[in-house]
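Q: Could you take me through one part of this model in detail, the segment before the first strand? I'd like to know what each residue there touches and how that part sits in the whole chain.

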Amino acid sequence: MSKEICSVNNCGREAVKSLPSSYMPLFQQLGLKVSLKGKRIKLCREHYREIKKIRKMVKRSLF
Ligand SMILES: [Zn+2]
């Protein structure tokens, strides 16, 4: 099995998590460019943590 690399442009770290492509707008809010191959966004630990944080904030402001 080959190593997955984080989908965020210019990151290059190893991906440890993946999220469905429905998360794309959150990346845009963060100003991150993501190259999507297939249906899932591959993420390194740092970007995964970042996106989780943002997701919580977005949820709070929506509901
Ligand atoms: Zn990354």
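A: Here is the background, followed by a walk through that segment.

This is a predicted model, so local features need pLDDT of at least 70, side-chain atom pairs count only at pLDDT 80 or more, and totals for chains, interfaces and linings use all residues. Residues are numbered from 1 along each chain as its sequence is written.

As for confidence, pLDDT is the predictor's own score for each residue, from 0 to 100. The protein chain averages 89, and 95% of the residues score at least 70. Strand β2 (residues 40-43) has the highest confidence, at 95, while helix α2 (residues 45-62) has the lowest, at a mean of 86.

Now the layout. The protein chain has 2 helices and 2 strands, and along the sequence they follow the pattern β-α-β-α. Helices here are DSSP runs of H or I with at least four residues, strands are runs of E with at least two, and both are numbered from the N terminus.

On to the segment itself, starting with Glu4, which lies before β1. Glu4 is partly exposed because it has 15 other C-beta atoms within 10 Å; the cut-offs are 20 or more for buried, 12 or fewer for exposed, and partly exposed in between, with C-beta atoms placed from the backbone. Leaving aside neighbours within four places in sequence, Glu4 is in contact with Glu14, Ala15 and Lys42, where contact means C-beta atoms, placed from the backbone, that lie within 7 Å. The C-alpha atoms of Glu4 and Ala15 are 5.3 Å apart, with their positions 11 residues apart in sequence.

Cys6 touches Cys11, Gly12, Arg13, Ala15, Lys42, Leu43, Cys44 and His47, again not counting residues up to four places away. Cys6 also belongs to the largest nonpolar core, a set of 9 residues that takes in Val8, Ala15, Phe27, Val34, Ile41, Leu43, Cys44 and Ile51 as well. A nonpolar core, by the rule used here, is a set of buried Ala, Val, Leu, Ile, Met, Phe, Trp, Tyr and Cys residues joined through C-beta atoms within 7 Å.

Asn9 is in the segment before β1 (17-20) too. Asn9 counts as exposed because it has 10 C-beta neighbours inside 10 Å, yet it touches Lys33, Val34 and Ser35, with residues up to four places away left out. Its C-alpha is separated by 5.6 Å from that of Val34, 25 residues apart along the chain.

Asn10, also placed in the segment before β1, is exposed, with 7 other C-beta atoms within 10 Å. The backbone is the thing to check there: Asn10 has a positive phi of about 65 degrees although it is not a glycine. Most residues other than glycine have a negative phi.

Zooming out, residues 24 or more positions apart account for 63% of the contacts with a separation of 6 or more in the protein chain. Buried residues make up 19% of the 63 residues. The C-alpha trace spans about 40 × 20 × 20 Å along its principal axes. The radius of gyration, 12 Å, agrees with the value near 11 Å for a compact globule of 63 residues; it is taken over C-alpha atoms, and the globule rule is 2.2 Å times the number of residues to the power 0.38.

Note on methods
Two residues are in contact if their C-beta atoms, placed from the backbone, lie within 7 Å.
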